[in-house]
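Here are my notes for your next look at this model. They follow the ligands and domains, then the helix packing.

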Amino acid sequence: MPAQERKAIHFGAGNIGRGFIGPLLVDSGYHVIFADVNKDIIQKLNEQDSYEVLILDEESEERANVSDVSGVVSTSDDIVRAFADPAVDLVTTAVGPTVLEKIAVTIAQGLHARREADAGALNIIACENMINQTSTLREHVFQNLTDEDKAWVEEHIGFANCSVDRIVPPFDPKDGSTPLDVGVEGFYEWVVDEKALQRTRPDVKLKGIRLTTDLQAYIERKLFTLNCGHAITAYLGFLKGHSTIDEAIRDEEIRETVRGALFNEGGAALREKHNFDEQEYAQYVEKTIARFANPRLKDEIVRVGREPLRKLAKGDRLLGPAYMAREYKLPIDNLAKGIAAAFLYEVSDDKQSVDLQKKVQEQGIEKAIAEITGFSEGNDEHSKILDAYHDLQKIDKKQRSS
Ligand SMILES: NC(=O)c1ccc[n+]([C@@H]2O[C@H](COP(=O)([O-])OP(=O)(O)OC[C@H]3O[C@@H](n4cnc5c(N)ncnc54)[C@H](O)[C@@H]3O)[C@@H](O)[C@H]2O)c1
Ligand SMILES: O=P(O)(O)OC[C@@H](O)[C@@H](O)[C@H](O)[C@H](O)CO
(Lines give C-alpha, C1' and ligand atoms only; values in the text may rest on other atoms or scores of the structure.)
(Ligands and ions follow the chains in the order given, each with its own letter.)
Protein backbone atom coordinates (compact mmCIF):
# COMPACT_ATOMS: atom_id res chain seq x y z
CA MET A 1 0.00 0.00 0.00
CA PRO A 2 1.53 3.39 -0.94
CA ALA A 3 2.54 5.43 2.14
CA GLN A 4 0.39 8.44 1.22
CA GLU A 5 -2.72 6.44 0.36
CA ARG A 6 -5.98 7.72 1.81
CA LYS A 7 -7.87 5.20 3.84
CA ALA A 8 -11.55 4.75 4.58
CA ILE A 9 -13.16 2.53 7.19
CA HIS A 10 -16.42 0.92 6.07
CA PHE A 11 -18.65 -0.83 8.64
CA GLY A 12 -20.55 -3.76 7.10
CA ALA A 13 -18.89 -5.99 4.50
CA GLY A 14 -22.29 -7.19 3.25
CA ASN A 15 -24.08 -6.68 -0.06
CA ILE A 16 -24.04 -2.89 -0.26
CA GLY A 17 -20.62 -2.60 1.41
CA ARG A 18 -18.83 -4.97 -0.97
CA GLY A 19 -21.08 -4.27 -3.97
CA PHE A 20 -21.41 -0.50 -3.91
CA ILE A 21 -19.72 1.72 -1.31
CA GLY A 22 -16.44 -0.25 -1.10
CA PRO A 23 -15.86 -0.32 -4.89
CA LEU A 24 -16.67 3.42 -5.26
CA LEU A 25 -14.19 4.30 -2.53
CA VAL A 26 -11.50 2.10 -4.06
CA ASP A 27 -12.17 3.69 -7.47
CA SER A 28 -11.66 7.08 -5.85
CA GLY A 29 -8.21 6.10 -4.59
CA TYR A 30 -8.98 4.86 -1.09
CA HIS A 31 -7.69 1.77 0.60
CA VAL A 32 -10.86 0.39 2.19
CA ILE A 33 -10.77 -1.26 5.61
CA PHE A 34 -13.98 -3.23 6.00
CA ALA A 35 -15.13 -3.69 9.61
CA ASP A 36 -17.62 -6.48 10.25
CA VAL A 37 -18.73 -8.82 13.05
CA ASN A 38 -18.54 -11.72 10.60
CA LYS A 39 -15.06 -13.14 11.17
CA ASP A 40 -15.18 -15.39 8.07
CA ILE A 41 -15.72 -12.45 5.72
CA ILE A 42 -12.93 -10.49 7.40
CA GLN A 43 -10.56 -13.44 7.13
CA LYS A 44 -11.34 -13.83 3.42
CA LEU A 45 -10.91 -10.10 2.79
CA ASN A 46 -7.42 -10.36 4.29
CA GLU A 47 -6.54 -13.62 2.51
CA GLN A 48 -7.77 -12.74 -0.99
CA ASP A 49 -6.03 -10.05 -3.04
CA SER A 50 -9.29 -9.00 -4.63
CA TYR A 51 -12.91 -9.93 -5.37
CA GLU A 52 -15.27 -9.38 -8.28
CA VAL A 53 -18.39 -7.26 -8.71
CA LEU A 54 -20.62 -8.59 -11.49
CA ILE A 55 -23.07 -6.25 -13.22
CA LEU A 56 -26.35 -8.16 -13.43
CA ASP A 57 -28.09 -6.12 -16.12
CA GLU A 58 -29.80 -7.77 -19.06
CA GLU A 59 -27.17 -8.38 -21.75
CA SER A 60 -24.27 -7.19 -19.58
CA GLU A 61 -21.23 -9.35 -18.98
CA GLU A 62 -19.37 -6.56 -17.23
CA ARG A 63 -17.37 -7.34 -14.11
CA ALA A 64 -15.00 -5.23 -12.02
CA ASN A 65 -12.11 -6.38 -9.92
CA VAL A 66 -11.94 -4.77 -6.48
CA SER A 67 -8.52 -4.80 -4.83
CA ASP A 68 -6.80 -2.63 -2.20
CA VAL A 69 -9.19 -3.73 0.52
CA SER A 70 -8.60 -5.33 3.91
CA GLY A 71 -10.69 -6.24 6.93
CA VAL A 72 -10.84 -5.88 10.70
CA VAL A 73 -13.21 -7.59 13.10
CA SER A 74 -15.41 -4.75 14.34
CA THR A 75 -15.42 -6.03 17.91
CA SER A 76 -11.59 -6.19 18.19
CA ASP A 77 -9.08 -3.49 19.22
CA ASP A 78 -7.88 -3.31 15.60
CA ILE A 79 -10.83 -1.11 14.70
CA VAL A 80 -10.03 1.40 17.47
CA ARG A 81 -6.41 1.50 16.26
CA ALA A 82 -7.61 2.10 12.68
CA PHE A 83 -9.47 5.24 13.82
CA ALA A 84 -6.22 6.63 15.23
CA ASP A 85 -4.51 6.45 11.82
CA PRO A 86 -4.24 9.97 10.25
CA ALA A 87 -4.45 8.39 6.77
CA VAL A 88 -8.10 7.53 7.51
CA ASP A 89 -10.28 10.50 6.56
CA LEU A 90 -13.64 8.87 5.85
CA VAL A 91 -15.89 6.41 7.72
CA THR A 92 -18.96 4.91 6.05
CA THR A 93 -21.49 2.33 7.21
CA ALA A 94 -23.96 -0.14 5.65
CA VAL A 95 -24.96 -2.40 8.52
CA GLY A 96 -28.73 -1.84 8.72
CA PRO A 97 -30.52 0.96 10.63
CA THR A 98 -31.09 -1.18 13.73
CA VAL A 99 -27.33 -1.84 14.08
CA LEU A 100 -26.30 1.85 14.16
CA GLU A 101 -26.76 1.98 17.93
CA LYS A 102 -24.33 -0.94 18.36
CA ILE A 103 -21.54 0.34 16.12
CA ALA A 104 -21.88 3.80 17.72
CA VAL A 105 -20.13 2.41 20.82
CA THR A 106 -17.14 1.33 18.73
CA ILE A 107 -17.12 4.56 16.73
CA ALA A 108 -17.10 6.57 19.97
CA GLN A 109 -14.10 4.56 21.21
CA GLY A 110 -12.40 5.08 17.86
CA LEU A 111 -12.98 8.84 17.93
CA HIS A 112 -11.59 9.01 21.46
CA ALA A 113 -8.45 7.20 20.25
CA ARG A 114 -8.26 9.57 17.26
CA ARG A 115 -8.43 12.61 19.52
CA GLU A 116 -5.68 11.21 21.77
CA ALA A 117 -3.52 10.52 18.71
CA ASP A 118 -4.26 14.00 17.32
CA ALA A 119 -5.02 12.31 14.00
CA GLY A 120 -7.20 15.13 12.65
CA ALA A 121 -10.57 15.58 10.99
CA LEU A 122 -12.69 13.01 9.22
CA ASN A 123 -16.18 12.61 7.80
CA ILE A 124 -18.76 9.98 8.67
CA ILE A 125 -21.51 8.97 6.23
CA ALA A 126 -24.01 6.26 7.18
CA CYS A 127 -25.38 4.62 4.03
CA GLU A 128 -28.54 3.08 5.47
CA ASN A 129 -32.05 3.27 3.97
CA MET A 130 -33.46 5.77 6.39
CA ILE A 131 -34.03 9.52 6.53
CA ASN A 132 -31.37 11.24 8.69
CA GLN A 133 -29.46 8.01 9.23
CA THR A 134 -26.13 9.74 9.92
CA SER A 135 -27.74 12.22 12.36
CA THR A 136 -29.21 9.20 14.16
CA LEU A 137 -25.78 7.57 14.29
CA ARG A 138 -24.31 10.85 15.59
CA GLU A 139 -26.83 10.93 18.46
CA HIS A 140 -25.87 7.38 19.44
CA VAL A 141 -22.15 8.20 19.20
CA PHE A 142 -22.59 11.29 21.40
CA GLN A 143 -24.27 9.16 24.08
CA ASN A 144 -20.96 7.30 24.36
CA LEU A 145 -18.55 10.26 24.50
CA THR A 146 -17.13 12.24 27.41
CA ASP A 147 -17.66 16.00 27.43
CA GLU A 148 -14.06 16.57 26.28
CA ASP A 149 -14.46 14.09 23.44
CA LYS A 150 -17.76 15.73 22.45
CA ALA A 151 -16.11 19.15 22.13
CA TRP A 152 -13.34 17.67 19.97
CA VAL A 153 -15.80 15.71 17.80
CA GLU A 154 -17.97 18.83 17.28
CA GLU A 155 -14.93 20.57 15.85
CA HIS A 156 -13.29 17.79 13.86
CA ILE A 157 -15.90 15.31 12.67
CA GLY A 158 -18.47 15.84 9.91
CA PHE A 159 -21.62 13.70 10.09
CA ALA A 160 -23.37 13.84 6.70
CA ASN A 161 -26.75 12.35 5.86
CA CYS A 162 -27.14 10.76 2.44
CA SER A 163 -29.35 8.86 0.03
CA VAL A 164 -27.94 5.62 -1.32
CA ASP A 165 -29.41 3.62 -4.17
CA ARG A 166 -28.28 0.42 -5.87
CA ILE A 167 -30.10 -2.91 -5.73
CA VAL A 168 -27.66 -5.49 -4.39
CA PRO A 169 -29.33 -8.85 -3.72
CA PRO A 170 -27.65 -11.73 -1.90
CA PHE A 171 -25.35 -13.37 -4.41
CA ASP A 172 -25.41 -17.03 -5.30
CA PRO A 173 -21.77 -17.93 -6.04
CA LYS A 174 -21.33 -20.03 -9.17
CA ASP A 175 -18.35 -22.15 -10.18
CA GLY A 176 -15.27 -19.99 -10.20
CA SER A 177 -16.75 -17.34 -7.86
CA THR A 178 -15.52 -16.69 -4.35
CA PRO A 179 -17.74 -15.96 -1.32
CA LEU A 180 -16.65 -12.31 -1.51
CA ASP A 181 -17.92 -11.83 -5.07
CA VAL A 182 -21.14 -9.91 -5.40
CA GLY A 183 -23.73 -9.26 -8.11
CA VAL A 184 -25.23 -5.78 -8.51
CA GLU A 185 -27.41 -3.85 -10.93
CA GLY A 186 -25.57 -1.32 -13.12
CA PHE A 187 -27.57 1.65 -11.82
CA TYR A 188 -26.37 3.53 -8.76
CA GLU A 189 -26.88 6.87 -7.02
CA TRP A 190 -25.16 8.19 -3.89
CA VAL A 191 -26.15 11.70 -2.85
CA VAL A 192 -24.59 13.35 0.21
CA ASP A 193 -25.47 16.47 2.19
CA GLU A 194 -22.73 18.89 1.22
CA LYS A 195 -23.42 21.33 4.07
CA ALA A 196 -22.61 18.74 6.71
CA LEU A 197 -19.26 17.91 5.11
CA GLN A 198 -17.98 21.43 4.67
CA ARG A 199 -17.15 21.94 8.31
CA THR A 200 -14.31 19.44 8.31
CA ARG A 201 -12.86 18.05 5.07
CA PRO A 202 -14.10 19.93 2.02
CA ASP A 203 -12.20 17.50 -0.19
CA VAL A 204 -14.71 14.64 -0.19
CA LYS A 205 -14.66 14.20 -3.93
CA LEU A 206 -15.49 10.63 -4.70
CA LYS A 207 -16.19 9.16 -8.07
CA GLY A 208 -19.91 8.49 -8.33
CA ILE A 209 -20.90 10.67 -5.40
CA ARG A 210 -23.16 13.72 -5.82
CA LEU A 211 -22.98 16.49 -3.25
CA THR A 212 -26.16 18.48 -2.73
CA THR A 213 -27.57 21.23 -0.56
CA ASP A 214 -31.09 19.78 -0.99
CA LEU A 215 -30.74 16.25 0.32
CA GLN A 216 -34.32 16.08 1.59
CA ALA A 217 -35.65 16.06 -1.98
CA TYR A 218 -33.31 13.21 -3.02
CA ILE A 219 -33.83 11.01 0.01
CA GLU A 220 -37.60 11.45 0.02
CA ARG A 221 -37.78 10.74 -3.71
CA LYS A 222 -35.68 7.59 -3.27
CA LEU A 223 -37.23 6.19 -0.07
CA PHE A 224 -40.85 7.12 -0.92
CA THR A 225 -40.58 5.89 -4.52
CA LEU A 226 -38.08 3.05 -4.93
CA ASN A 227 -38.26 1.65 -1.41
CA CYS A 228 -42.01 2.24 -1.18
CA GLY A 229 -42.61 0.39 -4.45
CA HIS A 230 -40.14 -2.32 -3.46
CA ALA A 231 -41.92 -2.91 -0.13
CA ILE A 232 -45.39 -3.03 -1.74
CA THR A 233 -44.10 -5.46 -4.38
CA ALA A 234 -42.58 -7.65 -1.67
CA TYR A 235 -45.64 -7.72 0.63
CA LEU A 236 -48.21 -8.26 -2.13
CA GLY A 237 -45.85 -10.69 -3.87
CA PHE A 238 -45.51 -12.67 -0.66
CA LEU A 239 -49.30 -13.00 -0.33
CA LYS A 240 -49.62 -14.16 -3.93
CA GLY A 241 -46.96 -16.82 -3.49
CA HIS A 242 -44.13 -15.21 -5.50
CA SER A 243 -40.59 -15.71 -4.29
CA THR A 244 -38.66 -13.01 -6.16
CA ILE A 245 -39.28 -9.32 -6.85
CA ASP A 246 -39.00 -9.66 -10.65
CA GLU A 247 -41.63 -12.39 -10.61
CA ALA A 248 -43.95 -10.30 -8.40
CA ILE A 249 -43.66 -7.11 -10.45
CA ARG A 250 -44.55 -9.04 -13.61
CA ASP A 251 -47.90 -9.81 -11.94
CA GLU A 252 -50.12 -7.15 -13.54
CA GLU A 253 -52.28 -6.55 -10.48
CA ILE A 254 -49.23 -5.94 -8.29
CA ARG A 255 -47.55 -3.77 -10.93
CA GLU A 256 -50.62 -1.54 -11.27
CA THR A 257 -50.95 -1.17 -7.50
CA VAL A 258 -47.28 -0.17 -7.30
CA ARG A 259 -47.59 2.24 -10.23
CA GLY A 260 -50.73 3.81 -8.70
CA ALA A 261 -49.10 4.19 -5.27
CA LEU A 262 -45.95 5.69 -6.74
CA PHE A 263 -47.31 7.96 -9.41
CA ASN A 264 -50.77 9.09 -8.24
CA GLU A 265 -50.42 9.01 -4.48
CA GLY A 266 -47.01 9.34 -2.73
CA GLY A 267 -45.38 10.53 -5.97
CA ALA A 268 -48.03 13.18 -6.59
CA ALA A 269 -47.34 14.47 -3.06
CA LEU A 270 -43.58 14.44 -3.71
CA ARG A 271 -44.11 16.46 -6.88
CA GLU A 272 -46.16 19.00 -4.96
CA LYS A 273 -43.66 19.26 -2.14
CA HIS A 274 -40.43 19.34 -4.15
CA ASN A 275 -41.68 20.75 -7.46
CA PHE A 276 -40.50 17.70 -9.41
CA ASP A 277 -41.36 17.85 -13.10
CA GLU A 278 -44.29 15.48 -13.80
CA GLN A 279 -42.76 13.91 -16.90
CA GLU A 280 -39.34 13.40 -15.31
CA TYR A 281 -40.97 11.88 -12.25
CA ALA A 282 -43.05 9.54 -14.46
CA GLN A 283 -39.78 8.40 -16.08
CA TYR A 284 -38.25 7.85 -12.65
CA VAL A 285 -41.22 5.63 -11.68
CA GLU A 286 -41.02 3.62 -14.90
CA LYS A 287 -37.25 3.20 -14.55
CA THR A 288 -37.81 2.02 -10.96
CA ILE A 289 -40.39 -0.56 -12.05
CA ALA A 290 -38.03 -1.72 -14.82
CA ARG A 291 -35.25 -2.12 -12.24
CA PHE A 292 -37.54 -4.35 -10.13
CA ALA A 293 -38.27 -6.44 -13.24
CA ASN A 294 -34.58 -7.19 -13.91
CA PRO A 295 -34.64 -11.02 -14.09
CA ARG A 296 -30.92 -11.37 -13.45
CA LEU A 297 -31.11 -9.87 -9.95
CA LYS A 298 -33.38 -12.63 -8.60
CA ASP A 299 -33.88 -10.45 -5.55
CA GLU A 300 -35.74 -12.35 -2.88
CA ILE A 301 -39.05 -11.14 -1.47
CA VAL A 302 -37.85 -11.98 2.03
CA ARG A 303 -34.83 -9.67 1.66
CA VAL A 304 -36.89 -6.75 0.40
CA GLY A 305 -39.69 -7.36 2.92
CA ARG A 306 -37.30 -7.89 5.84
CA GLU A 307 -38.08 -6.14 9.15
CA PRO A 308 -41.70 -5.06 8.44
CA LEU A 309 -42.00 -3.03 11.67
CA ARG A 310 -39.09 -0.84 10.53
CA LYS A 311 -40.76 -0.45 7.15
CA LEU A 312 -44.05 0.46 8.87
CA ALA A 313 -42.41 3.15 11.01
CA LYS A 314 -43.80 6.66 10.67
CA GLY A 315 -41.69 8.59 8.18
CA ASP A 316 -40.43 5.41 6.51
CA ARG A 317 -41.27 4.18 2.97
CA LEU A 318 -44.96 3.25 3.51
CA LEU A 319 -46.40 5.67 6.05
CA GLY A 320 -44.10 8.53 4.95
CA PRO A 321 -45.75 8.79 1.51
CA ALA A 322 -49.21 8.03 2.95
CA TYR A 323 -48.99 10.92 5.40
CA MET A 324 -47.55 13.18 2.71
CA ALA A 325 -50.36 12.25 0.30
CA ARG A 326 -52.96 13.07 2.96
CA GLU A 327 -51.29 16.41 3.61
CA TYR A 328 -51.89 17.31 -0.04
CA LYS A 329 -55.40 15.80 0.00
CA LEU A 330 -54.42 13.06 -2.43
CA PRO A 331 -55.74 9.48 -2.54
CA ILE A 332 -53.99 6.66 -0.68
CA ASP A 333 -55.91 3.56 -1.88
CA ASN A 334 -52.90 1.74 -3.37
CA LEU A 335 -50.63 2.74 -0.49
CA ALA A 336 -53.30 1.43 1.91
CA LYS A 337 -53.20 -1.91 0.10
CA GLY A 338 -49.40 -2.08 0.47
CA ILE A 339 -49.60 -1.14 4.15
CA ALA A 340 -52.34 -3.73 4.74
CA ALA A 341 -50.20 -6.38 3.02
CA ALA A 342 -47.33 -5.62 5.40
CA PHE A 343 -49.67 -6.53 8.29
CA LEU A 344 -50.09 -9.98 6.68
CA TYR A 345 -46.37 -10.63 6.14
CA GLU A 346 -45.64 -13.81 8.06
CA VAL A 347 -42.06 -15.12 7.91
CA SER A 348 -40.99 -17.28 10.83
CA ASP A 349 -37.28 -16.38 10.79
CA ASP A 350 -37.91 -12.63 10.59
CA LYS A 351 -38.24 -11.49 14.21
CA GLN A 352 -40.10 -8.29 13.33
CA SER A 353 -42.62 -10.25 11.29
CA VAL A 354 -43.18 -12.61 14.24
CA ASP A 355 -43.57 -9.64 16.64
CA LEU A 356 -46.00 -7.95 14.25
CA GLN A 357 -48.17 -11.07 13.92
CA LYS A 358 -48.17 -11.46 17.70
CA LYS A 359 -49.35 -7.86 18.10
CA VAL A 360 -52.15 -8.40 15.56
CA GLN A 361 -53.25 -11.57 17.37
CA GLU A 362 -53.13 -10.05 20.83
CA GLN A 363 -54.66 -6.64 20.10
CA GLY A 364 -56.81 -7.39 17.07
CA ILE A 365 -56.09 -5.88 13.66
CA GLU A 366 -58.06 -2.65 14.30
CA LYS A 367 -55.96 -1.66 17.31
CA ALA A 368 -52.69 -2.86 15.75
CA ILE A 369 -53.29 -0.68 12.67
CA ALA A 370 -54.16 2.31 14.87
CA GLU A 371 -51.09 1.89 17.07
CA ILE A 372 -48.58 1.30 14.29
CA THR A 373 -49.86 3.75 11.70
CA GLY A 374 -51.13 6.47 14.02
CA PHE A 375 -54.42 6.61 12.05
CA SER A 376 -57.26 6.44 14.63
CA GLU A 377 -59.89 3.72 14.41
CA GLY A 378 -62.84 4.86 12.35
CA ASN A 379 -61.08 7.54 10.35
CA ASP A 380 -60.80 7.35 6.57
CA GLU A 381 -57.15 6.20 6.33
CA HIS A 382 -57.64 3.55 9.03
CA SER A 383 -60.78 2.23 7.28
CA LYS A 384 -58.98 2.01 3.93
CA ILE A 385 -56.15 -0.03 5.43
CA LEU A 386 -58.56 -2.24 7.38
CA ASP A 387 -60.77 -2.92 4.32
CA ALA A 388 -57.70 -3.73 2.23
CA TYR A 389 -56.47 -6.05 4.99
CA HIS A 390 -59.73 -8.04 4.96
CA ASP A 391 -59.68 -8.24 1.13
CA LEU A 392 -56.07 -9.41 1.11
CA GLN A 393 -56.77 -11.98 3.82
CA LYS A 394 -59.01 -13.75 1.29
CA ILE A 395 -56.20 -14.00 -1.30
CA ASP A 396 -53.87 -15.16 1.39
CA LYS A 397 -56.23 -17.93 2.51
CA LYS A 398 -56.92 -18.96 -1.10
CA GLN A 399 -53.22 -19.10 -1.91
CA ARG A 400 -52.43 -21.10 1.22
CA SER A 401 -55.13 -23.67 0.60
CA SER A 402 -54.13 -24.16 -3.06
N1 LIG B 1 -28.76 -4.32 -0.57
C2 LIG B 1 -29.32 -3.24 -1.10
O3 LIG B 1 -29.93 -3.30 -2.19
C4 LIG B 1 -29.23 -1.92 -0.40
C5 LIG B 1 -29.29 -0.74 -1.18
C6 LIG B 1 -29.23 0.50 -0.56
C7 LIG B 1 -29.07 0.56 0.82
N8 LIG B 1 -29.01 -0.59 1.54
C9 LIG B 1 -28.83 -0.45 2.98
O10 LIG B 1 -27.53 -0.88 3.33
C11 LIG B 1 -27.57 -1.47 4.64
C12 LIG B 1 -26.96 -2.85 4.57
O13 LIG B 1 -27.76 -3.65 3.69
P14 LIG B 1 -27.17 -4.94 3.00
O15 LIG B 1 -28.18 -5.35 2.01
O16 LIG B 1 -25.76 -4.71 2.58
O17 LIG B 1 -27.20 -5.96 4.24
P18 LIG B 1 -26.23 -7.20 4.50
O19 LIG B 1 -26.93 -8.01 5.52
O20 LIG B 1 -25.82 -7.84 3.24
O21 LIG B 1 -24.93 -6.54 5.14
C22 LIG B 1 -24.87 -6.03 6.46
C23 LIG B 1 -23.50 -6.34 7.02
O24 LIG B 1 -23.39 -5.71 8.28
C25 LIG B 1 -22.71 -6.61 9.14
N26 LIG B 1 -22.99 -6.28 10.53
C27 LIG B 1 -24.08 -6.59 11.27
N28 LIG B 1 -23.93 -6.14 12.53
C29 LIG B 1 -22.72 -5.54 12.59
C30 LIG B 1 -21.98 -4.87 13.62
N31 LIG B 1 -22.48 -4.77 14.85
N32 LIG B 1 -20.76 -4.39 13.33
C33 LIG B 1 -20.26 -4.50 12.05
N34 LIG B 1 -20.90 -5.12 11.04
C35 LIG B 1 -22.12 -5.62 11.31
C36 LIG B 1 -23.22 -7.98 8.75
O37 LIG B 1 -22.36 -9.02 9.20
C38 LIG B 1 -23.26 -7.85 7.24
O39 LIG B 1 -22.03 -8.24 6.65
C40 LIG B 1 -29.03 -1.42 5.07
O41 LIG B 1 -29.26 -0.27 5.84
C42 LIG B 1 -29.78 -1.33 3.77
O43 LIG B 1 -31.02 -0.71 3.90
C44 LIG B 1 -29.07 -1.82 0.97
O1 LIG C 1 -32.61 -2.50 2.82
P2 LIG C 1 -34.03 -2.35 3.34
O3 LIG C 1 -34.47 -3.50 4.17
O4 LIG C 1 -34.26 -1.01 3.97
O5 LIG C 1 -34.96 -2.33 2.03
C6 LIG C 1 -34.94 -3.41 1.13
C7 LIG C 1 -34.74 -2.91 -0.29
O8 LIG C 1 -35.85 -2.13 -0.66
C9 LIG C 1 -33.46 -2.07 -0.42
O10 LIG C 1 -32.35 -2.72 0.10
C11 LIG C 1 -33.22 -1.70 -1.89
O12 LIG C 1 -32.73 -2.80 -2.59
C13 LIG C 1 -32.23 -0.55 -1.97
O14 LIG C 1 -32.66 0.51 -1.21
C15 LIG C 1 -31.95 -0.12 -3.38
O16 LIG C 1 -31.22 1.05 -3.36
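1. Start with ligand 2, whose shell takes at least three residues from each of domain 1 (6-213) and domain 2 (217-401). Please keep in mind that this is a predicted model. The residues around ligand 2 are N129, D165, R166, I167, L226, N227, H230, V304, R306 and E307. Helix α8 (residues 215-239) is the element that gives the most to this shell, with three residues.

2. What is the chemical make-up of the shell around ligand 2, by nonpolar, polar and charged residues? The split is three nonpolar, three polar and four charged.

3. Now to ligand 1, which is surrounded by 26 residues. The closest of them are G12, G14, I16, E128 and N129. Three elements give two or more residues each to this shell: α1 (15-27), β2 (30-36) and α4 (100-117). Of the elements, α1 gives the most, with three residues. By class, the shell around ligand 1 holds 14 nonpolar residues, eight polar and four charged. If you are checking both sites on screen, N129 is a handy landmark: it is listed among the closest residues to ligand 1, and it also appears in the shell around ligand 2.

4. On the domains themselves, the assignment for the chain gives domain 1 as 6-213 and domain 2 as 217-401. Their centres, taken over C-alpha atoms, are separated by 29 Å. Each side brings 16 residues to the contact between domain 1 and domain 2. On the side of domain 1 that touches domain 2, eight residues are nonpolar, four are polar and four are charged.

5. Helix α4 contributes to the shell around ligand 1, and it also packs on helix α5 (residues 133-142) at an angle of about 55°, with the axes 8 Å apart. That angle makes α4 oblique to α5. The crossing of α4 past α5 is right-handed. From α4 the contact uses L100, E101, A104, I107 and A108, and these meet Q133, T136, L137, H140 and V141 of α5. Six of the residues in the contact of α4 with α5 are nonpolar, three are polar and one is charged.

6. How do α8 and helix α10 (residues 252-274) cross, and at roughly what angle? Their axes come within 10 Å and cross at roughly 160°, so α8 is roughly antiparallel to α10. The crossing of α8 and α10 is right-handed. Among the residues that make the contact are F224, C228, I232 and L236 from α8, together with V258, A261, L262 and L270 from α10. Counted by class, the contact of α8 with α10 has ten nonpolar, eight polar and two charged residues.

7. Helix α10 has another partner to look at, helix α15 (residues 333-342): the two pack at an angle of about 125°, with their axes 7 Å apart. This makes α10 oblique to α15, and α10 passes α15 in a left-handed crossing. T257, G260, A261, E265 and G266 of α10 meet N334, L335, K337 and G338 of α15. The contact of α10 with α15 has two nonpolar, five polar and two charged residues. A261 is worth selecting here, as it is listed in the contact of α10 with α8 and again in the contact of α10 with α15.

Terms used:
Residues numbered from 1 in each chain as written. Chains lettered and ligands numbered in written order. Predicted model: local features only at pLDDT ≥ 70, side-chain atom pairs only at ≥ 80, totals over all residues. Near = placed C-beta within 6 Å. Helix = DSSP H or I, 4+ residues; strand = E, 2+ residues; numbered from the N terminus. Nonpolar A, V, L, I, M, F, W, Y, C, P; charged D, E, K, R; others polar. Domains from an automatic or database assignment. Axes fitted to C-alpha atoms, helices over the stretch in contact; angles between N-to-C directions. Parallel < 35°, antiparallel > 145°, perpendicular 65-115°, else oblique. Left-handed = near helix turned anticlockwise from the far one by under 90°. Contact = placed C-beta atoms within 7 Å.
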